[in-house]
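Me: I should like a close look at one part of this model, namely its salt bridges. Please explain which residues take part, where they lie and how far they are covered.

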Amino acid sequence: MKNTVIKKLLYAVIAIILFLILSYGYVPQVLSGKVVDQGDIRGFRGMSREADLWNATHSDEPATWTNSMFGGMPTIMITGNHKGDYTLPLFRALQWGARPASYLFISLLGAFLLCLAFGLDFLVAIIGAIAITFCSYNMQIIQVGHNTKMLAIAFAPWVLAACTYAYRQIIRESIGQTIANDIKAILPKVLFASVLFAFASSFELKANHIQISYYLAIIMFVYVASMFIWILFQKNKKQLLIRFSLVSSLLFIMGLLAIATNANNMLPTYEYSHQTMRGGSELASEDGKKKDGLDINYATAWSYSWEEIPNLFIANYNGGASASELSMDSNTVQAYIREGGDRRSAAQLAKSLPLYWGPQPFTAGPMYIGAISLFLFILAWGLYKGFEKYYLLIASILAILLALGSHFMIFTELVFKYLPLYNKFRTVSMSLTILQITVPLMGLIGLNSILKEKYEDNFFKKKLFKSLAISISLIALAYLSMIFFASFSSHSDASIPDFFRAALIQDRKDLLFKDSLISVILILLSAFLVFILHKAVIKEDSIKRKYIILSALALLIFANLALVGKRYLNSDHFIAERSFNKITPLREVDKSILEDKSLDYRVLDLTRDVFNDSQTSFYHKSIGGYSPVKMQRYQDLIEYYISDEISKLISDIKAKKALDMSSYQILNMLNTKYIILGDSYAMTNAKAFGNAWFVEDYLVANNPREEIALLSGADLSTQAVVAKDFSQYCLKDVKSSAQDSIVLDSYTPNRLEYHFNLESDRTAVFSEIYYPNAWKVYLDGDKELDLFRLNWILRGVNLPKGEHSLSFVFKSHSYDLGIGLSRCASILMYVLLLFAIVIFLKKESKS
């Protein structure tokens, strides 16, 4: 046993060292202190800036609300909530090192463990880790800055590894015992695997990309269902079902524990989700009842078409990315030079050309998982007899059906309606991340069976050549269908000159031919290596010879995936960290606005895409920003009013009309004090309503559609639109006075302090976003007042006469409850881990 343990530890050390070399060798720029120039991270820095500045000096009271985007929103989906979770230090420790190398390392190690859990040989598991990690989609999301998505993808194999290891104990041990002894025999390993499953699941959820975790849950569900069905057909199914029930129960409990460790984030997120675009709009129906989830057309805007599926094994099947690089001798660049372009500008042009010509609005690149993985998948299906092949095939087919989205609406509408939570997610093509695991894993299971089974020679040759023929036929069919039936044109080509368009189309054809040929060559080479591996196995050659062949296959897979990945993540995408930190420059106009020391006002930046860019939020409180989880009522306001007011404003400025800012009522009620017109100039809006104002009259709406419509006809400076549900708060016989006043005295993200003096009771409207789940309002520090909604999105409070102070305080029960649950669950997980290790080692020492 001692020698076995030492051997396993040695293998583990070798694997870790190799994975570190691969991770940092793939992105060596990080060793010199460079970082990926990630556009989404620049945006994240803007949206999180206010919270980050506050948290740096108030760690005991972190920001839970920010006014930096969309008038105000909770920070839970921006910076998260880290209090109470004691597994967080371990989660961060696993990310030690420089990003994105650390992400690649986590994925490599997790995929390696997953392959080992399936019983694969050490070197085959290393090949599996490479095939799973270096899929091109991972490089694309790293480049654009989807770090939470990449982290969730990286931890997914860890979760599957623990789950698989636990379930495989059902069939691994002998069953020729009594039921009691049988359970006792497998309990230590099952408990140990279950606790590891809890930690891995906790880390997966901490990555905070629920959609990826959702797809992971689909993979696990299909696996568990497949094993259950397989057990029903076994002779000893009674004992197997007892084991199955034990494992399932333990994993279920540990899964709940993992969720509980993340309750500090998940409970506030769940609470907020009902107010977001994912919770649906009240305007979708006449009675004001929300249509749960996203609009199906919005959710399926990024769908993978039938014609794009060959991207999985032909990298440039649809041209690659929307902005891709070509060589200087390409048709497009040469056409540009022939038309008078100089070589310097041609070199710049070559780095960003619209090569993608598929139906998606735009894309960072294809979901390429590798021609070799496809071939090995097909071969494994013919060779391997275990139930896992059905599980992996079903999961793979399901991933493709989900990704088709708008191109297979019969299925999409069905799952959108009946699959729990599925209608909360957009970009359905993301489901193809399932294939990044299932296809390589199936292929490697088949490869491993060649080592173990010693297939009869004629049988193996038949399966090999059949798989080879199918794989090459698929590539040939895909290529010829494009050549004979496709236009190679994109909807974006309409604005391109004819000579340029013709050259671009020819380059797209050339890319297709080149990558199709490469895929064929890769399949032939891998088939040759598999063939000689089989020969080495049946001839019982030395283990060294077998490992040389496997190493050659590993190198071939890595070279293929790495070179394709370099199209989307290469040295051009790295910059010095110092330069990246200066990526949001302080413009002259920003300096000018920041000289205004007023506590709270908002900015409209017309020099940027108002609702798809959050860089303005780095220095200012913006009425715009970017977030796929903005509040639905604010999105409704954008669609009904704000976009129109911005368009009218731009039109009036361009026409050099005299601006009547009093007509821009929605911008005014949001206290839009400054409008940025250029890098050095901003217009001051003297008509902005300020932080708070009093109203004298109310327009009561019977339903949401009427409520938002009434905003257009009201004088919002003196009138308020109120929903029928809040009409009981309307004050009658209001007496106004010129002496009435209200002033904002103090502003922090979680607390606003006002001072007011009134001669009679008044209703005040605050230019702050109404969020019913957390904001509380107190008179003179202790008496809680009713907070209600006015003007569709703003806060309203009835104030008593006299001189008083008023405090808005962000107090969320879900935050406090979540922190408590996280604290208890994480402590319990560590206790269970210690217990599981003790009984596991005790059993191992006895055996």
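Reply: **Salt bridges and their setting**

Arg633, with a relative accessibility of 9%, counts as buried (under 20% relative accessible area; exposed is over 50% and partly exposed lies in between, with a 1.4 Å probe and protein chains only). The model is predicted, so local features need pLDDT of at least 70 and side-chain atom pairs count only at pLDDT 80 or more, while totals for chains, interfaces and linings use all residues. Residues are numbered from 1 along each chain as its sequence is written, and side-chain values use heavy atoms, leaving out hydrogens and water.

The partner of Arg633 is Glu282, and their side chains meet in a salt bridge of 2.9 Å, N to O (a side-chain nitrogen of Lys or Arg within 4 Å of a carboxyl oxygen of Asp or Glu). Arg633 belongs to helix α24 (residues 632-654) and Glu282 to the loop between α11 (263-273) and α12, so this contact ties together parts that are 351 residues apart in sequence. Helices here are DSSP runs of H or I with at least four residues, strands are runs of E with at least two, and both are numbered from the N terminus. Glu282 is buried as well, its relative accessible area being 19%.

Side chains of opposite charge can pair when their charged atoms come close. Across the whole structure, the search finds 18 salt bridges. One of these joins Lys206 to Asp85, with 2.5 Å between the closest N and O atoms. This pair, too, links distant parts of the chain: Lys206 is in helix α8 (residues 179-206), whereas Asp85 is in the loop between β3 and α3, the two being 121 residues apart. Lys206 counts as buried at 12% relative accessibility, and Asp85 is likewise buried, with a relative accessible area of 6%.

The loop that carries Asp85 also holds Tyr86, which is placed between β3 (73-74) and α3 (88-93). In contrast to the buried Asp85, Tyr86 is partly exposed, because its relative accessible area is 41%.

A further salt bridge is formed by the side chains of Arg751 and Glu753, at 2.5 Å from N to O. Its two partners fall into separate burial classes: Arg751 is partly exposed, at 36% relative accessible area, while Glu753 is buried, at 19%. Besides such pairs there is a network, in which salt bridges that share partners join Arg587, Asp590, Asp605, Arg608 and Asp679.

One more acidic residue may be set beside these, in a loop that follows α12. Glu325 is located between α12 (296-299) and α13 (331-338). Glu325 is partly exposed, since its relative accessible area comes to 47%. The C-alpha atom of Glu325 is separated by 9.5 Å from that of Tyr568, although their positions lie 243 residues apart along the chain.

In summary, burial is found on both sides of the Lys206–Asp85 pair and of the Arg633–Glu282 pair. In the Arg751–Glu753 pair, the arginine is partly exposed and the glutamate is buried.
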